[in-house]
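This briefing introduces a structure to a reader who has not met it before. Please keep the sequence and the model in view while reading.

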Amino acid sequence: MTERTDVVVIGGGQAGLAAGYHLRRQGLDFVVLDAQATPGGAWQHTWNSLRLFSPAAFSSLRGRLMSTQPGEEYPDAGHVVTYLSDYEKRYDLPVLRPVRVYGLYDDGRLLRVETDSGTWNARAVISATGTWWRPFLPAVPGRGDFEWRQLHAISYRNPQDFTGSRVIVVGGGNSGAQIAADLAHDAELTWVTRRPPRFLADDIDGRALFDAATARRRALDEGRTDTGGVSSLGDIVAVPPVREARDAGRLKASPMFVRLDRDGVVWADGTRAFADAVIWCTGFRPALSHLSPLGLRGPRGHIATQGTRSVQEPRLHLLGYGDRTGSASATLIGVGRPARDAVREIVGLLAAGR
């Protein structure tokens with residue numbers, strides 16, 4: 001099967017739907033290709049207790065506010081999945097799933113999208129595959145020697161799987177803090193961070209983070225002094241479960257160990273901690289293997305962009321991969337503006353090519 005359309009969006013999570021909203025408003029012919037079998041993007045694969053950093057009204061895509069979740073100030077992942085599913089239906093977005101994209105190719109006047117369900121030829125492409133599918137594991141000495149359970153945060157689900165176990169959680173960001181707090185009651189927990197954890201003030205949540213990220217981006221664009229953005233405020237949002245564990249003294253961090261051995265971890269002074277499991281909350285990298293045929297990667301694997309647009313391939317936009325492709329673009333509230341800007345550029349590109 002070969003189809004032709006104006007725009008192909010690769011990825012049907014929050015960034016893909018944000019792009020779809022603006023493409024629909026511009027009246028373009030487009031399709032959203034999603035590798036997942038059901039709506040909700042990465043949110044349907046997170047741990048059970050995950051909470052957003054902001055109330056529902058400040059965690060919404062353009063055009064439709066997220067409803068509040070009864071009894072919860074900060075919605076859980078299941079609530080986000082329901083919201084994204086409803087968003088697709090409300091705007092009648094043409095999402096096809098499950099469709100796995102193998103590669104994007106330059107066919108001269110068109111870009112060719114090869115998938116397990118056929119080929120699409122498009123005048124422009126928006127890549128919105130996110131980072132969840134490419135977890136990062138640091139090259140810590142001895143990681144391959146540890147004989148017990150190791151997993152990344154993407155595979156963690158609930159504390160009952162670790163009841164009574166000795167668990168080492170590695171990572172000083174929000175995922176590390178939330179998972180450590182989740183395990184604090186049921187497991188013998190050791191929380192390890194590269195630097196002392198920095199909790200944001202209890203009255204600061206994702207709203208302030210978005211404002212700080214936006215202000216930093218504006219300052220850099222205008223050639224002013226770097227404000228520090230989100231990092232100037234701290235690393236960890238004190239959502240209620242984290243706040244409770246912290247205040248109860250159950251979130252005390254140890255410095256980073258220097259190596260693992262078969263039974264646990266070892267610090268620089270020779271101190272050891274035995275472990276039944278190590279959970280790596282060490283972040284992600286952009287999932288961009290489908291773009292490899294275009295040969296766009298530069299130093300350190302980065303694809304050079306101007307805003308969301310690829311510098312080398314102006315028919316390609318990258319959306320939702322963090323600040324490199326739009327201030328706070330990896331968040332629900334932050335992806336709307338770069339999605340709008342990407343679609344505006346595409347409209348101009350297509351008009352010029354007619």
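Leaving aside its neighbours within four places in sequence, with which residues is Thr308 in contact? In this predicted model, the residues in contact with Thr308 beyond that range are Leu316, His317, Leu318, Leu319, Thr325, Pro338 and Ala342. The points below give the setting of Thr308 and then turn to a sheet and a helix that lies across some of its strands.

**Thr308 and its surroundings**

- Thr308 belongs to the loop between β15 (305-306) and β16 (309-310).
- Thr308 has a relative accessible area of 6%, which is under 20%, and therefore counts as buried.
- The side chain of Thr308 forms a polar contact of 2.7 Å with the side chain of His317.
- His317 is also listed among the contacts of Thr308.

**The five-stranded sheet**

- Five strands form an open sheet in the order β7-β14-β8-β9-β10, and their pairing is parallel.
- At the edges are β7 (149-152) and β10 (253-255), each of which pairs on one side only.
- From one strand to the next, the twist averages 25°.
- In general, the strands of a sheet pair through backbone hydrogen bonds, in either a parallel or an antiparallel manner.

**Strands β8 and β14**

- Strand β8 (residues 166-170) and strand β14 (residues 277-280) run parallel and are joined by four bridges.
- Val170 has Trp280 as its bridge partner in β14.

**Helix α3 against the sheet**

- Helix α3 (residues 174-183) lies across β8, β9 (188-193) and β14.
- Relative to β8, helix α3 runs at about 165°.

Key. Residues numbered from 1 in each chain as written. Predicted model: local features only at pLDDT ≥ 70, side-chain atom pairs only at ≥ 80, totals over all residues. Heavy atoms only, no water. Helix = DSSP H or I, 4+ residues; strand = E, 2+ residues; numbered from the N terminus. Buried < 20%, exposed > 50% of the residue type's maximum accessible area, 1.4 Å probe, protein only. Polar contact = N/O pair within 3.5 Å; in protein donor to acceptor, adjacent residues only side chain to side chain. Contact = heavy atoms within 4.5 Å. Pairing = 2+ DSSP bridges. Axes fitted to C-alpha atoms, helices over the stretch in contact; angles between N-to-C directions.
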